[in-house]
Amino acid sequence: MSGKQRYAYSPGLGEHIPVEEVELDQQARRRKRPEFTAIPLVWATNMAKAAGIPGAAVLVLLHYMAWKARSPTFPLSNALLTKYGIDRKVKYRVLAHLEAAGQIKVERRGPKKAPIVTLLTPP
């Protein structure tokens, strides 16, 4: 810190106001970003099925749909799951488990309608 007084212009007040410099340590300066990776959906779903956990593919697709919709709320159609070789029964089972665990909210709209899924803990 220098001994010289610094000022900043405040458009709201229409005048210069004194400001104080604050020294931040290295940890405070570094913003922690979550670890992230981009993987092809086909690869992720094939690996989940090969590992015997097709429900994991549903989790990947939930994340993908939230990203695509740019919202934690989105419809989850059986057509999307079929495209990646996931049975609709797996979808129902995974959604039921996640809903019971309080991780998602599912709005069921009736037969022949895709449920609306809301991620309560968005990625």
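**Pockets and a salt bridge in a predicted model**

Q: What makes up the lining of the second largest pocket, by class of residue, in this predicted model?
A: By class, six residues of this lining are nonpolar, three are polar and five are charged. Among the residues nearest the centre of the second largest pocket are Lys91 and Lys113, and because Lys counts as charged, both belong to the charged class.

Q: Which helix gives the largest share of the lining of the second largest pocket?
A: Helix 5, which spans residues 88-100, gives the largest share, namely three residues, and the pocket itself has a volume of about 240 Å³.

Q: How do you know which classes of residue line the largest pocket?
A: The lining consists of Phe36, Thr37, Ala38, Ile39, Leu41, Val60, His63, Tyr64 and Trp67. Thr and His are in neither the nonpolar nor the charged list, so they count as polar, and the lining therefore divides into seven nonpolar, two polar and no charged residues.

Q: Why is the contact between Glu99 and Arg108 called a salt bridge?
A: The closest N and O atoms of Glu99 and Arg108 are 3.1 Å apart, and because a salt bridge requires such atoms to lie within 4 Å, the pair qualifies. The structure holds one salt bridge.

Q: Why is Glu99 called partly exposed, and why is Arg108 called exposed?
A: Glu99 has a relative accessibility of 29%, which lies between the limits of 20% and 50%, so Glu99 is partly exposed. Arg108 has a relative accessible area of 52%, which is over 50%, and therefore Arg108 is exposed.

Terms used
Residues are numbered from 1 along each chain as its sequence is written. This is a predicted model: local features need pLDDT of at least 70, side-chain atom pairs count only at pLDDT 80 or more; totals for chains, interfaces and linings use all residues. Side-chain values use heavy atoms; hydrogens and water are left out. On a 1 Å grid over the protein atoms alone, a cavity is a set of points where a 1.4 Å probe fits but cannot get out, and a pocket is an open set with protein on both sides within 12 Å along at least five of seven lines; lining residues have an atom within 4 Å of a point. Grid points are joined across faces, edges and corners, and a volume is the space filled by probe spheres set on the points. Helices (H or I, at least four residues) and strands (E, at least two) are DSSP runs, numbered from the N terminus. A salt bridge is a side-chain nitrogen of Lys or Arg within 4 Å of a carboxyl oxygen of Asp or Glu. Buried means under 20% relative accessible area, exposed over 50%, partly exposed in between (1.4 Å probe, protein chains only).
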